[in-house]
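Reader: I am new to this structure. Could you take me through it?
Author: Certainly; please have a look at it first.

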Amino acid sequence: MEKKDNMPLWAYWALLGIKTRNTALKFLIGSLVLSVVITIYGIVIKDYSLASLFFVPLWYFISIKWVDVYSTWTPPENSE
């Protein structure tokens with residue numbers, strides 16, 4: 001993702017190095033699964049602060065939605 005003039009820094013940092021929406025969604029799903037697993041582990045060991053990792057997929061989701069509404073994704077390269 002290239003930083004556009006109107007892109008906020010938080011959205012740029014979340015999507016740094018991610019070129020397509022499909023890749024961003026894969027990161028979102030991966031971070032959601034990982035945060036669920038770590039939160040369950042945190043409940044087992046009674047360390048509830050690990051539940052704060054749910055903010056990572058939320059950050060990805062909000063950043064993806066920002067680009068959907070206010071910017072554009074890099075078009076995928078065609079392999080012809």
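Reader: Where is tryptophan 59 found?
Author: Tryptophan 59 belongs to helix H3; helices here are DSSP runs of H or I with at least four residues, strands are E runs of at least two, and both are numbered from the N terminus. Please note that this is a predicted model, in which local features need pLDDT of at least 70, side-chain atom pairs count only at pLDDT 80 or more, and totals for chains, interfaces and linings use all residues. Residues are numbered from 1 along each chain as its sequence is written, and side-chain values use heavy atoms, with hydrogens and water left out.

Reader: Is tryptophan 59 buried, partly exposed or exposed?
Author: Tryptophan 59 counts as partly exposed, because its relative accessibility is 36%. Buried means under 20% relative accessible area, exposed means over 50%, and partly exposed lies in between (1.4 Å probe, protein chains only).

Reader: Which residues make the nonpolar surface patch?
Author: The patch of about 840 Å² is made by Leu9, Trp10, Trp13, Phe55, Leu58, Trp59, Phe61 and Ile62. Helix H1 (9-14) and helix H3 (55-70) are the elements that give two or more residues to it. H3 gives the most, with five residues.

Reader: What qualifies a residue for a patch?
Author: Patch residues have over 30% relative accessible area and no salt bridge; like charges are joined within 9 Å, and nonpolar side chains (Val, Leu, Ile, Met, Phe, Trp, Tyr) within 5 Å. A salt bridge is a side-chain nitrogen of Lys or Arg within 4 Å of a carboxyl oxygen of Asp or Glu.

Reader: And where does leucine 9 lie?
Author: Leucine 9 lies in helix H1. Its relative accessible area is 43%, so leucine 9 is partly exposed. Between leucine 9 and serine 35 there are 23 Å in space, C-alpha to C-alpha, and the two are 26 residues apart in sequence.

Reader: New topic: how many aromatic pairs are there?
Author: A search of the whole structure finds two. One is formed by phenylalanine 27 and tyrosine 60, which are stacked at 6.2 Å centre to centre, with 25° between the planes. Rings of Phe, Tyr and Trp (its six-membered ring) pair if their centres lie within 6.5 Å; planes under 30 degrees apart count as stacked, over 60 as edge-to-face and the rest as tilted.

Reader: Which parts of the chain does that pair link?
Author: The pair links distant parts: phenylalanine 27 is in helix H2 (residues 21-44) and tyrosine 60 is in helix H3, 33 residues apart. Phenylalanine 27 is partly exposed because its relative accessibility is 42%, whereas tyrosine 60, at 15%, counts as buried.

Reader: What about tryptophan 66 and tyrosine 70?
Author: Tryptophan 66 and tyrosine 70 form a tilted aromatic pair, 5.4 Å centre to centre and 40° between the planes. Both lie in helix H3, four residues apart, about one turn of the helix. Tryptophan 66 is buried, with a relative accessible area of 12%, while tyrosine 70 is exposed at 54%.

Reader: Finally, what about the overall shape?
Author: The protein has three helices and zero strands. Its radius of gyration is 15 Å, where a compact globule of 80 residues would have one near 12 Å; the radius is taken over C-alpha atoms, and the globule rule is 2.2 Å times the number of residues to the power 0.38. Along the principal axes, the C-alpha atoms fill a box of roughly 50 × 30 × 20 Å.

How values were computed. Accessible areas come from the Shrake-Rupley method with a 1.4 Å probe; for residues, only the protein chains shown count as cover.
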